[in-house]
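Open the model in your viewer and keep the sequence panel in sight. The tour goes from one selection to the next and says what is there.

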Amino acid sequence: MGFVREMLFAAFLLSVIAVPELLAQGTPGAVDVPTFRATSSLVFLDVTVLDSKGRPVVKGLTKDDFTITEDKKPQRIFSFEAPDAHIGNAGDNPDGKAPATIFVLDLLNSDFADFAYIRYSVRKYLASQPEQLASPAELMVIGNQSLELLQGYTRNKSDLLFALNHLPAILPYKKMNGAFWAERFNQSIDALQQIALQNNGIPGRKNIVWVGHGGPGLNTGYLTYDVVSQVNRYVHTTTNMLVDARMSLFVIYPGLPVHGSDMAISAGDAAMVIGNNDPFAGDVNFGVFVNETGGSLFYNRNDVDNEMKRSQELGSMYYTLTYQPHDGESNGKFRRIRVALRDTSMRVVTKAGYFAPDENAPTDPRAQLISNLSGAVRSIIPFAALDIRMGNVVRHPDSQAAEFTVMLGSRNFNWQTTEDGRSTARLILAAASLSKNKDILAWRMEELTLTMATQDRARLDNQERHLTISLRVPRKTQTVRVAIGTEDGGRIGATEIDRKSIDAAPAMPTPQPKLSLQRPGAM
């Protein structure tokens with residue numbers, strides 16, 4: 001990675017991470033970013049035990065066989081569950097017993113041909129499963145601009161395959177154009193935060209099975225101290241969100257070449273021993289997140305089915321131990337967790353630790369905005385800081401989807417001027433299909449950049465922009481809700497439409513997917 005590229009990336013990081021405070025005080029319905037409170041909460045450790053041949057050990061161990069230390073201090077084990085306790089009921093929603101699975105298809109960081117193989121591999125794996133999965137799973141795709149939940153939690157294999165088969169084809173222009181490398185880094189880690197937020201209130205263990213390269217790596221050795229500090233806060237926040245939500249990351253490279261700066265570092269760091277050090281004190285990449293959350297990385301290109309099965313096996317055969325850590329300093333430093341077994345021939349796989357709260361650290365504005373939007377899209381509280389209306393619905397019954405036109409007034413935007421006489425405003429949009437109980441059935445979050453050929457404030461404040469969004473509308477959907485926030489001001493607006501209005505809209509076949517290099521969101 002060249003020096004010039006790193007300096008360009010540093011400038012980009014300052015623009016997307018070290019931005020001014022985004023959230024106005026007293027924003028209705030605000031949802032705090034999950035914070036790991038080491039002095040008051042139990043720490044949940046989902047522990048996979050492997051024998052000398054790498055096979056999971058699921059019987060014969062008791063609480064007395066385990067010891068836990070945090071920063072070398074012994075911890076008293078508060079509770080213990082054996083693997084046979086992690087068997088769920090027959091329902092679609094996670095119940096905290098059996099682990100839930102989030103399949104993420106990585107279009108953002110994969111070439112077009114690679115993504116076709118990724119989709120084929122996941123389809124082949126799902127097709128080999130029984131009609132009713134052993135535990136709930138959901139399906140997501142991360143693309144050029146958005147992270148989209150195609151199918152919410154279900155045990156019905158057909159639901160997952162239906163959503164996968166109706167995923168439209170687009171060219172991954174950010175992967176094809178190296179100028180977007182920094183954005184891919186940011187979007188990939190944002191996706192981990194969004195997945196953690198979506199699952200934070202769901203009990204039990206959740207396994208993210210990320211199929212594809214994962215976000216590009218970053219060598220922080222070339223960056224300035226201020227930028228490194230910002231990056232560290234960003235990844236530390238992400239780590240704690242994953243730990244707080246009891247999530248483990250498994251990355252699978254089906255049929256993809258295992259070379260290049262994006263992968264080589266990740267593959268190496270996924271197996272490294274970090275000792276007591278900050279795992280992100282150096283390179284930042286998905287391999288470190290895998291290591292940190294107690295997941296695994298697979299890159300046997302000739303055995304995709306077994307890789308998928310192995311990730312499911314390791315993510316479902318585990319012991320759960322809890323402890324309440326001793327009080328410690330709120331200094332933001334890494335707290336190393338070690339789990340040891342009386343039988344030293346066995347190996348333990350679990351999360352490596354967490355970062356202590358930092359009472360002096362500023363709020364991460366981007367994470368806070370994403371958190372607030374995630375709350376706003378599920379809330380019944382009105383958000384009116386931005387003027388938003390929704391209409392012009394077109395149904396696509398063949399794909400259980402619909403297109404919506406969102407009318408967005410531009411008053412209260414924080415417009416930024418450009419040297420060519422234009423003005424731009426950056427927004428983040430969240431949309432969700434919600435059940436009667438406000439469960440998320442389908443969902444997407446994406447970034448938008450609005451551009452106007454004027455810098456006249458009066459004209460800017462009196463414009464209405466029309467945004468077209470597509471979203472799956474599964475059978476149990478009762479409302480579709482959209483929330484939009486200004487990335488540099490924290491103002492949020494929300495609107496929704498009920499199922500009756502959606503069903504009354506005209507129906508058309510789903511448009512045939514078109515391969516396009518046009519960057520969406522720039523208007």
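Start by selecting the loop between β2 (66-70) and β3 (73-75), where Asp71 has its place. This is a predicted model. Asp71 is partly exposed, with a relative accessible area of 36%. Its phi is near 50°, a positive value in a residue other than glycine.

Now select Lys72, which also lies in the loop between β2 and β3. Is Lys72 buried or exposed? Lys72 is exposed, and its relative accessible area is 64%. Phi of Lys72 is near 70°, again positive in a residue that is not glycine. For background, most residues other than glycine have a negative phi.

**The whole protein**

Zoom out and colour by secondary structure. The protein has 12 helices and 24 strands. Of its 523 residues, 56% count as buried. Among contacts with a separation of 6 or more, 78% are between residues 24 or more positions apart.

**A sheet of four strands**

Select strands β4, β13, β1 and β15. They form an open sheet in the order β4-β13-β1-β15, and the pairing is antiparallel. Which strands are at the edges? The edge strands are β4 (77-81) and β15, each of which pairs on one side only. On average, neighbouring strands of this sheet are turned by 30° against each other, direction ignored.

Next, select β1 alone, residues 43-50. Seven of the eight residues of β1 are buried, so the strand is mostly covered. Add β13, residues 319-323: β1 and β13 pair in the antiparallel sense over five bridges. To see one bridge, select Phe44, whose partner in β13 is Thr322.

Then swap β13 for β15, residues 347-349. β1 and β15 are also antiparallel, and three bridges pair them. Two positions can be picked out here. Thr48 stands opposite Val349 in β15, and Val49 stands opposite Val348 in β15.

**Helices α2 and α3**

Move to two helices. Two packed helices are described by the angle between their axes and the distance between the axes. Select helix α2, residues 112-127, and helix α3, residues 157-165. They pack at an angle of about 165°, with their axes 10 Å apart. That makes α2 roughly antiparallel to α3, because an angle over 145 degrees counts as such. α2 passes α3 in a left-handed crossing.

Show the side chains where the helices touch. On α2, the contact is made by Arg119, Val122, Arg123, Leu126 and Ala127. On α3, the contact residues are Lys157, Leu160, Leu161, Leu164 and Asn165. How many residues of each class does the contact of α2 with α3 have? It has six nonpolar, one polar and three charged residues.

**Helices α6 and α8**

Select helix α6, residues 225-244, with helix α8, residues 286-293. This pair packs at an angle of about 40°, and the axes are 10 Å apart. α6 passes α8 in a right-handed crossing. From α6, the contact takes in Val235, Thr238, Thr239, Leu242 and Val243. From α8, Phe289, Glu292 and Thr293 take part. Sorted by class, the residues of the contact of α6 with α8 are four nonpolar, three polar and one charged.

**A sheet of three strands**

Now select β17, β18 and β22. Together they make an open sheet in the order β17-β18-β22, with antiparallel pairing. β17 (388-396) and β22 (464-472) are at the edges; each has a single partner strand, so one side of each is left without a neighbour in the sheet. The twist averages 20° from one strand to the next.

Keep β18, residues 401-409, together with β22: nine bridges join these antiparallel strands. One position to click is Thr405, whose bridge partner in β22 is Thr468.

**Last stop: Met452**

Finally, select Met452, which is in strand β21, residues 440-452. Met452 has a relative accessible area of 9% and is therefore buried, since the cut-off is under 20%.

Which residues is Met452 in contact with, leaving aside its neighbours within four places in sequence? They are Trp415, Arg422, Ser423, Leu460, Gln463 and Arg465. End with a distance: Met452 and Thr417 are 35 residues apart in sequence, and their C-alpha atoms are 9.6 Å apart in space.

Technical notes:
Residues numbered from 1 in each chain as written. Predicted model: local features only at pLDDT ≥ 70, side-chain atom pairs only at ≥ 80, totals over all residues. Heavy atoms only, no water. Axes fitted to C-alpha atoms, helices over the stretch in contact; angles between N-to-C directions. Helix = DSSP H or I, 4+ residues; strand = E, 2+ residues; numbered from the N terminus. Parallel < 35°, antiparallel > 145°, perpendicular 65-115°, else oblique. Left-handed = near helix turned anticlockwise from the far one by under 90°. Contact = heavy atoms within 4.5 Å. Nonpolar A, V, L, I, M, F, W, Y, C, P; charged D, E, K, R; others polar. Buried < 20%, exposed > 50% of the residue type's maximum accessible area, 1.4 Å probe, protein only. Pairing = 2+ DSSP bridges.
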